[in-house]
Amino acid sequence: MRKRFSTGLLYFCYGCLASFFIETKLLQRSDRAFLPADEVTAFNNAAEWGNEDAGEKLAPLLQETWFAKGLIPRLNFKPLEEAQAISALAELAGATTDYKTSLRLLIEFLVAAGLIQRDGTLLKS
């Protein structure tokens, strides 16, 4: 379920967010609960100490996601404008323009993990 607020952003229910975190393996199921992956714990510990490269702790998990596997090879071939990268992800996911903000967030995850770099609006590997 999603709800549109006046900002135009789409907000999803907690269950949808949990599904995303489980799919990316950032969150793992145990017998009775969901637990953060070791990489998430390492990220949290590094971030608490103010480590600016804390996001790189998530790289091993994020590089295995559909969005990393779909975007990084394209960026290895040539840099893309952010709008082109968003369009490429939309095509891979079959997403409408309603998901533009969500697709941009996926790019931010990859940047934070150090898997891709941003130079203004240009993205490169």
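## Packing of H5 and H6

In this predicted model, helices H5 and H6 are roughly perpendicular to each other, because their axes cross at roughly 110° and an angle of 65 to 115 degrees counts as roughly perpendicular. The two axes come within 9 Å. On the H5 side the contact involves Glu 82, Ala 85, Ile 86, Leu 89 and Ala 90. These residues meet Lys 100, Leu 103, Arg 104, Leu 106, Ile 107 and Glu 108 of H6.

Two C-alpha separations relate Ile 86 to H6. Thr 101, a residue of helix H6, has its C-alpha atom 9.1 Å from that of Ile 86, with their positions 15 residues apart along the chain. For Leu 106 and Ile 86, which are 20 residues apart along the chain, the C-alpha atoms are separated by 9.1 Å. Thr 101 is partly exposed, since its relative accessibility of 37% falls between the limits of 20% and 50%.

## Glu 82 in H5

Is Glu 82 buried or exposed? Glu 82, which belongs to helix H5, counts as buried because its relative accessibility is 14% and the cut-off for burial is under 20%. The side chain of Glu 82 makes a polar contact with the side chain of Arg 104, at 3.4 Å.

Apart from neighbours within four places in sequence, Glu 82 is in contact with Arg 104, Ile 107 and Glu 108, and also with Arg 118, Thr 121 and Leu 123. Among these partners, Arg 104, Ile 107 and Glu 108 are listed on the H6 side of the contact with H5.

## Helix H4 against H5 and H6

Two packed helices are described by the angle between their axes and the distance between the axes. Helix H4 spans residues 66-77 and helix H5 spans residues 82-93. They pack at an angle of about 135°, with the axes 10 Å apart. The arrangement of H4 and H5 is therefore oblique, and their crossing is right-handed. From H4, the residues Trp 66, Phe 67, Gly 70, Leu 71 and Arg 74 meet Ala 85, Ala 88, Leu 89, Leu 92 and Ala 93 of H5.

H4 also packs against H6, at an angle of about 80° and with the axes 11 Å apart. H4 and H6 are therefore roughly perpendicular to each other. Trp 66, Phe 67, Ala 68 and Leu 71 of H4 make this contact with Leu 103, Leu 106, Ile 107 and Leu 110 of H6. Trp 66, Phe 67 and Leu 71 also appear on the H4 side of the contact with H5.

## Leu 106 among the helices

Leu 106 lies in helix H6, which covers residues 100-112. Leu 106 is buried, because its relative accessible area is 8% and burial requires a value under 20%.

Which residues are in contact with Leu 106, leaving aside its neighbours within four places in sequence? They are Phe 20, Trp 66, Phe 67 and Leu 89. Trp 66 and Phe 67 take part in the H4 side of the contact with H6, whereas Leu 89 takes part in the H5 side of the contact with H6. Phe 20 falls within the residue range 14-23 of helix H1.

## The loop between H1 and S3

Thr 24 is placed in the loop between helix H1 (14-23) and strand S3 (27-29). With a relative accessibility of 4%, Thr 24 counts as buried. A polar atom of the Thr 24 side chain lies 3.2 Å from the backbone oxygen of Phe 21. When residues up to four places away in sequence are not counted, Thr 24 touches Leu 61, Thr 65 and Phe 67. Phe 67 is also one of the contacts of Leu 106.

Lys 25 is placed in the loop between H1 and S3. Its phi is near 70°, a positive value in a residue other than glycine. Most residues other than glycine have a negative phi.

## The chain as a whole

The secondary structure of the protein chain comprises six helices and seven strands. Along the sequence these elements follow the pattern β-β-α-β-β-α-α-α-β-α-α-β-β.

Of the 125 residues in the protein chain, 27% are buried. Contacts between residues at least 6 apart in sequence include 47% that join residues at least 24 apart. The chain exposes about 8,300 Å², of which carbon and sulfur atoms supply 55%.

Methods. Residues are numbered from 1 along each chain as its sequence is written. Side-chain values use heavy atoms; hydrogens and water are left out. Helices (H or I, at least four residues) and strands (E, at least two) are DSSP runs, numbered from the N terminus. Buried means under 20% relative accessible area, exposed over 50%, partly exposed in between (1.4 Å probe, protein chains only). Contact means heavy atoms within 4.5 Å. Accessible areas come from the Shrake-Rupley method with a 1.4 Å probe; for residues, only the protein chains shown count as cover. A polar contact is a pair of N or O atoms within 3.5 Å; within protein, one must be able to donate a hydrogen and the other to accept it, and residues adjacent in sequence count only if both atoms are side-chain atoms. Axes are lines fitted to C-alpha atoms, for helices over the stretch in contact, and angles run from 0 to 180 degrees between N-to-C directions. Angles under 35 degrees count as roughly parallel, over 145 as roughly antiparallel, 65 to 115 as roughly perpendicular and the rest as oblique. A crossing is left-handed if the near helix is turned anticlockwise from the far one by less than a right angle, and right-handed if clockwise.
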